[in-house]
Amino acid sequence: MKTDFRDIPRYKGMVLIGLILFVIVSLFISIGLGAYKVGPMDIIKAIFVEKSGMNHNIIYNIRLPRTFVAGLVGVCLALAGAILQGIMRNSLASPSTIGITSGAGLMSVICLVLFPQYEYLVTPAAFVGAVLTTVLIFILSWKDGINPLRMVLAGLAVSSLLNALVDLILIFFPDRVHNTLGFSIGSLSVKAWNDFNRIWPYALIGFIVAMILSKKLNILLLGDEIVGSLGVNVERLRVILILLTSLLAASAVSVVGLISFVGLIVPHISRILIGSDYKYLLPASALTGAGVLMLCDTIGRVVAEPMEIPVGIIMAIVGVPFFLYLLRGGIKSARK
């Protein structure tokens, strides 16, 4: 029997080290490139040595928080996608295809447009929207149990409805559209340290809880009957994991808006690199998601200077071909 080289612990460790280096390189590229270009040594000086000056102000107050927010959004969405693909055993599952991000987006827009004085409640509101949407999709897709494909189709239908409601709100309140500018397509423009502070606790909590539950995620891949025979409460575990994915997706959406395909393509890339063991897949997905979103944001800033293309559009350009590849059976299952 041929051994998969991805099952070798030393190889997995090398992959994780490589992904850490990938994130570091992506970080320097994101901070250094733009209308004003800065070299690696100048970046280090501006962060750790200089306390004032143009380099310090541009890097520390503008690019660094934006880059960190991009990285954390990538972490949250990639983790959410990896978890969803595991609990549903479906390669097409992600926060965007299931509809979680649309529910979070609707509640975020309601909060920003109708109750702008409560902007600090955007993340909790997005979480409530994500959970309610997930419950609705479960109800719509339930027929003698949950069928993963039926749930994806229900998620796509509900997403379309919720996105239409977002557009309707913006039409009825055109004078407040500036509060949601860039939200519907996902933008990292004008992100500051307060945005970073809004997302990092959720990203940290989500990653820690996901790693604690990584062994149970591996067990879920065996099937409900086998898991039940091992004494694991399958439904309770699914509820906990879905709440976790809702929290991760909602925290990302509440800060940058609707960004699709990160939770779909990043777990697959990570699975190809490191295998399906969630003990390694989760950190690999988090690192890959951070690096990919930082690079995509950089591409959006530099490809059409002096204009800026929102990162959501760049991810759609990259993600749609990958999604079509999945539909044609390029990757058969989240278990492989």
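For a chain of 336 residues, a compact globule would have a radius of gyration near 20 Å, and the protein, with its value of 20 Å, agrees with that expectation. The coordinates come from a predicted model, in which the protein has 14 helices and zero strands. Along the principal axes, the C-alpha trace of the protein spans about 65 × 55 × 35 Å.

**Overall architecture and surface**

- Read from the N terminus on, the elements of the protein run α-α-α-α-α-α-α-α-α-α-α-α-α-α, in keeping with the count of 14 helices and zero strands.
- Among the contacts in the protein with a separation of 6 or more, 77% are accounted for by residues that stand 24 or more positions apart.
- Of the 336 residues, 51% count as buried, while the accessible surface of the protein comes to about 15,800 Å², 70% of which belongs to carbon and sulfur atoms.
- The protein carries 26 positive and 16 negative charges, and the mean positions of these two sets are 7 Å apart.

**Salt bridge between Glu305 and Lys37**

- The count of salt bridges comes to five, and one of them is formed by the side chains of Glu305 and Lys37, which meet at 3.8 Å, N to O.
- This pair links distant parts of the chain, since Glu305 sits in the loop between α13 (278–302) and α14 (311–327), whereas Lys37 sits in the loop between α1 (9–32) and α2 (40–48), with their positions 268 residues apart in sequence.
- Glu305 is partly exposed, because its relative accessible area is 36%, whereas Lys37 is exposed, because its relative accessible area of 55% is over the 50% cut-off.

**The network of Arg66, Asp297, Arg301 and Glu308**

- The side chains of Arg66 and Glu308 meet in a salt bridge at 2.7 Å, N to O.
- Because Arg66 lies in helix α3 (residues 54–88) and Glu308 in the loop between α13 and α14, the pair ties together parts that are 242 residues apart in sequence.
- With a relative accessibility of 9%, Arg66 counts as buried, whereas Glu308, with a relative accessible area of 34%, is partly exposed.
- A further salt bridge joins the side chains of Asp297 and Arg301 at 3.1 Å, N to O.
- Asp297 and Arg301 both lie in helix α13, where they are four residues apart, about one turn of the helix.
- Asp297 counts as buried because its relative accessibility is 1%, and Arg301 is likewise buried, with a relative accessible area of 11%.
- Salt bridges that share partners join Arg66, Asp297, Arg301 and Glu308 into one network.

**The surroundings of Ser102**

- Ser102 lies in helix α5, which covers residues 100–114.
- With a relative accessible area of 5%, Ser102 falls under the 20% cut-off and is therefore buried.
- Once the neighbours within four places in sequence are left aside, Ser102 is in contact with Ser159, Leu162, Asn163 and Leu258.

Methods:
Residues numbered from 1 in each chain as written. Predicted model: local features only at pLDDT ≥ 70, side-chain atom pairs only at ≥ 80, totals over all residues. Heavy atoms only, no water. Helix = DSSP H or I, 4+ residues; strand = E, 2+ residues; numbered from the N terminus. Buried < 20%, exposed > 50% of the residue type's maximum accessible area, 1.4 Å probe, protein only. Contact = heavy atoms within 4.5 Å. Salt bridge = Lys/Arg side-chain N within 4 Å of Asp/Glu carboxyl O. Rg over C-alpha atoms; globule rule 2.2 N^0.38 Å. Areas by Shrake-Rupley, 256 points an atom, 1.4 Å probe, with all protein chains shown as cover. Lys, Arg positive; Asp, Glu negative; His and termini not counted. Charge placed at Lys NZ, Arg CZ, Asp CG, Glu CD.
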